[in-house]
Amino acid sequence: MTCLHMVSSLPGSPSFERAVASVCDDDTLLLCGDATYASHVSCQGNIFCMAEDATARGVLSPYMAADYQTLVALVCQHDKQIDWG
Amino acid sequence: MNVIIQRHPPYSSQLASESLDIALGFAVMDQSCALLFLDDGVWQLLAQQSPSSQKNLAKHFAALPMYGIDNLYCERESLQQRGLDEDALIAGVQIIGLAESKQLIADATRVFTL
């Protein structure tokens with residue numbers, strides 16, 4: 001079962017670390033909000049970054065940019081999703 | 001299997017209580033579910049809870065087997081990070097490692113977090 005893990009809290013926060021630790025091989029991690037500040041994430045699955053949130057913060061994220069259409073596609077592609085906050 | 005993840009401490013908000021209600025909802029509908037306590041959610045499992053006005057979560061968790069909910073999982077690493085001992089928890093909780101909790105989430109058909 002594939003899972004989309006969404007996280008919106010700052011890198012280093014318990015929610016952020018929990019989200020990263022929960023990602024399995026076929027899963028995807030989607031960085032939203034303050035999580036777009038992340039630059040050195042090591043986890044097993046793919047990593048996307050909400051472009052609008054990164055742009056708002058002046059962040060040049062090293063991860064694949066996602067717009068809202070991508071977000072909807074990601075939700076549909078995975079069996080379930082978890083918002084870690 | 002439905003998995004309900006508990007990551008919030010009890011009493012400071014309604015999140016723990018509402019999560020318990022979700023579990024009871026599954027029980028009423030004869031749906032199997034497991035409760036997974038991670039991070040600050042492990043505080044919910046302390047045996048010596050005695051809130052004056054809110055419902056006592058520990059007592060409710062202890063009664064869950066009567067509703068057919070036997071799977072209460074608590075992550076060992078979360079306990080260790082908070083200096084908590086397994087002996088301080090209510091009976092019937094299964095202590096699992098980070099890898100096992102990750103697998104539990106991966107295997108779940110549905111996951112609920114509040």
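**Reading a helix and the sheet beneath it**

In α4(B), S101(B), I105(B) and A106(B) are buried.

Visitor: Before I dive in, what sort of model is this?

Guide: It's a predicted model.

Visitor: Okay, back to α4(B). Why do its buried residues line one face of the helix?

Guide: Try looking down the helix axis. The buried residues of α4(B) fall within an arc of 140°, so they line one face.

Visitor: And which exposed residues sit on the face turned away from that buried side?

Guide: That face of α4(B) carries A99(B) and D107(B), both exposed.

Visitor: Now the sheet. What order do the strands take in chain B?

Guide: Read across the sheet, strand by strand. Here you get β4-β3-β2-β1-β5, an open sheet of five strands with parallel pairing. At the edges are β4 (93–96) and β5 (110–113) of chain B, each pairing on one side only. From one strand to the next, the twist averages 25°.

Visitor: How many bridges join β2 and β3 of chain B?

Guide: Four: residues 33–37 of β2 pair with residues 71–75 of β3 in the parallel sense. To see one partnership, find L35(B), whose bridge partner in β3(B) is L72(B).

Visitor: Which strands do the helices touch, starting with α1 of chain B?

Guide: Helix α1 (residues 15–28) of chain B packs on the sheet and touches β1 (2–6), β2 and β5. Its direction makes about 165° with that of β1(B). Helix α4 (residues 98–107) of chain B also packs on the sheet, touching β1, β2, β3, β4 and β5. The direction of α4 makes about 135° with that of β3(B).

How values were computed: Residues numbered from 1 in each chain as written. Chains lettered and ligands numbered in written order. Predicted model: local features only at pLDDT ≥ 70, side-chain atom pairs only at ≥ 80, totals over all residues. Pairing = 2+ DSSP bridges. Helix = DSSP H or I, 4+ residues; strand = E, 2+ residues; numbered from the N terminus. Axes fitted to C-alpha atoms, helices over the stretch in contact; angles between N-to-C directions. Contact = placed C-beta atoms within 7 Å. Buried ≥ 20, exposed ≤ 12 C-beta atoms within 10 Å, placed from the backbone. Arc of directions from axis to C-beta.
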